[in-house]
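Reader: Please take a close look at a single part of this structure and follow it outward into its surroundings. I would like one connected account rather than a list.

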Amino acid sequence: MIRIGNGYDLHRLVEGRKLILGGIEIEHHLGLLGHSDADVLTHAIMDALLGALSLGDIGHYFPPTDPKWAGADSMELLAQVHQLILDRGWVIGNIDSVIVAERPKLKPHLPAMINSLAQKLNIPADNISVKATTNEKLDSVGREEAICAYTVVLLCEKS
Ligand code: MG
């Protein structure tokens with residue numbers, strides 16, 4: 001048995017916040033605004049994992065109204081979501097993600113993001129793809145007001 005899930009997330013870019021993507025802090029004059037560390041890539045991956053098993057979304061498990069999750073490390077939340085998947089007898093087949101950002105240039109940081117995710121999920125880096133593109137200066141992402149991420153994940157039932 002296999003199951004597929006997709007995830008999407010967007011966070012605003014603001015001054016005075018860190019830019020964290022896939023657990024990697026990236027040097028930039030703007031960072032992502034959010035209740036947690038606002039790691040938009042990791043949030044999209046979590047929603048894809050939950051979606052694959054019809055388990056709802058991350059807002060259900062980590063509500064932004066709960067002070068417990070203020071400033072949370074999204075990679076730790078990812079580990080919790082991954083455990084839910086494992087507990088139900090499923091393993092990750094592969095993950096494919098796209099980050100849409102006008103700036104900074106993300107390409108040099110993609111291998112570090114992939115390795116960080118692979119380590120946290122304890123799966124081979126080959127099973128994780130993270131790509132980056134721009135929005136050709138169009139809409140909020142193109143105006144550097146936000147960064148968004150899309151993810152598709154395949155889950156396989158443990159034999
Ligand atoms: Mg989010």
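Author: What follows begins at the metal site and moves from there into the sheet, the helices and the salt bridges.

The model is predicted, and the part chosen is the site of the magnesium ion. The ion is coordinated by Asp 9 through OD, by His 11 through NE2 and by His 43 through ND1, at 2.0 to 2.3 Å. Along the chain these donors follow the spacing D-x1-H-x31-H. His 11 belongs to strand 1 (residues 2-14) and His 43 to helix 1 (residues 40-52), so this pair ties together parts that are 32 residues apart in sequence. Both histidines fall under the 20% limit for a buried residue: His 11 has a relative accessible area of 13%, and His 43 has 6%.

The two elements joined at the ion can be followed separately, beginning with the strand. Five strands make up an open sheet of mixed pairing, in the order 4-1-7-5-6. Strand 1, which carries His 11, therefore stands between strand 4 and strand 7 in that order. At the edges are strand 4 (31-32) and strand 6, each with a single partner strand, so one side of each has no neighbour in the sheet. Strand 1 pairs with strand 7 in the antiparallel sense, over eleven bridges. Within that pairing, Ile 4 has Leu 154 of strand 7 as its bridge partner.

Further along the sheet order comes strand 5, where Ser 97 is found. Ser 97 is buried, at 0% relative accessibility. Its side chain makes a polar contact of 2.8 Å with the side chain of Thr 151. Neighbours within four places in sequence aside, Ser 97 is in contact with Leu 41, Ile 45, Ser 129, Val 130, Lys 131, Tyr 150 and Thr 151.

One of those contacts, Lys 131, also takes part in a salt bridge. Lys 131 pairs with Asp 96, and the closest N and O atoms are 2.6 Å apart. This salt bridge links distant parts of the chain, with Lys 131 in strand 6 and Asp 96 in strand 5, 35 residues apart. Both partners are partly exposed: Lys 131 has a relative accessible area of 37%, and Asp 96 has 32%.

The other route from the ion runs through helix 1, the helix of His 43. Leu 49 lies in helix 1 as well and is buried, with a relative accessible area of 0%. Setting aside neighbours within four places in sequence, Leu 49 is in contact with Leu 78, Val 81, Ile 85, Ile 92, Val 153 and Leu 155. Leu 13 is a different matter: the C-alpha atoms of Leu 49 and Leu 13 are 25 Å apart in space, with their positions 36 residues apart in sequence.

Helix 1 is also part of what covers the buried residues of helix 4, along with strand 2 (19-21), strand 3 (24-26), helix 3 (74-87), strand 5 (90-100) and strand 6 (128-133), among others. In helix 4 the buried residues include Leu 110, Met 113, Ile 114, Ser 116, Leu 117, Ala 118 and Leu 121. The length of helix 4 (residues 110-121) can be checked: at 1.5 Å a residue its twelve residues should span 16 Å, and its end C-alpha atoms are 16 Å apart, which agrees. After helix 4 comes Asn 122, with a positive phi near 55°.

The salt bridges complete the account. The structure holds five, among them the Lys 131 and Asp 96 pair already described. Another joins the side chains of Glu 144 and Arg 103, at 2.9 Å from N to O. Here too the link is between distant parts of the chain: Glu 144 is in the loop between helix 5 (139-142) and strand 7 (146-157), while Arg 103 is in the loop between strand 5 and helix 4, 41 residues apart. Arg 103 is partly exposed, at 43% relative accessibility. A further salt bridge joins the side chains of Lys 18 and Glu 25, with N and O 3.9 Å apart. Both residues of this pair are exposed, Lys 18 with a relative accessible area of 51% and Glu 25 with 53%.

To return to the starting point, the ion is coordinated by Asp 9, His 11 and His 43, and the two histidines tie strand 1 to helix 1. From strand 1 the pairing leads to strand 7, and helix 1 is among the elements covering the buried residues of helix 4.

Methods
Residues numbered from 1 in each chain as written. Predicted model: local features only at pLDDT ≥ 70, side-chain atom pairs only at ≥ 80, totals over all residues. Heavy atoms only, no water. Donors = N, O, S within 2.8 Å, 3.2 Å for Na, K, Ca; no water. Helix = DSSP H or I, 4+ residues; strand = E, 2+ residues; numbered from the N terminus. Buried < 20%, exposed > 50% of the residue type's maximum accessible area, 1.4 Å probe, protein only. Contact = heavy atoms within 4.5 Å. Expected span 1.5 Å × (residues − 1). Salt bridge = Lys/Arg side-chain N within 4 Å of Asp/Glu carboxyl O. Polar contact = N/O pair within 3.5 Å; in protein donor to acceptor, adjacent residues only side chain to side chain. Pairing = 2+ DSSP bridges.
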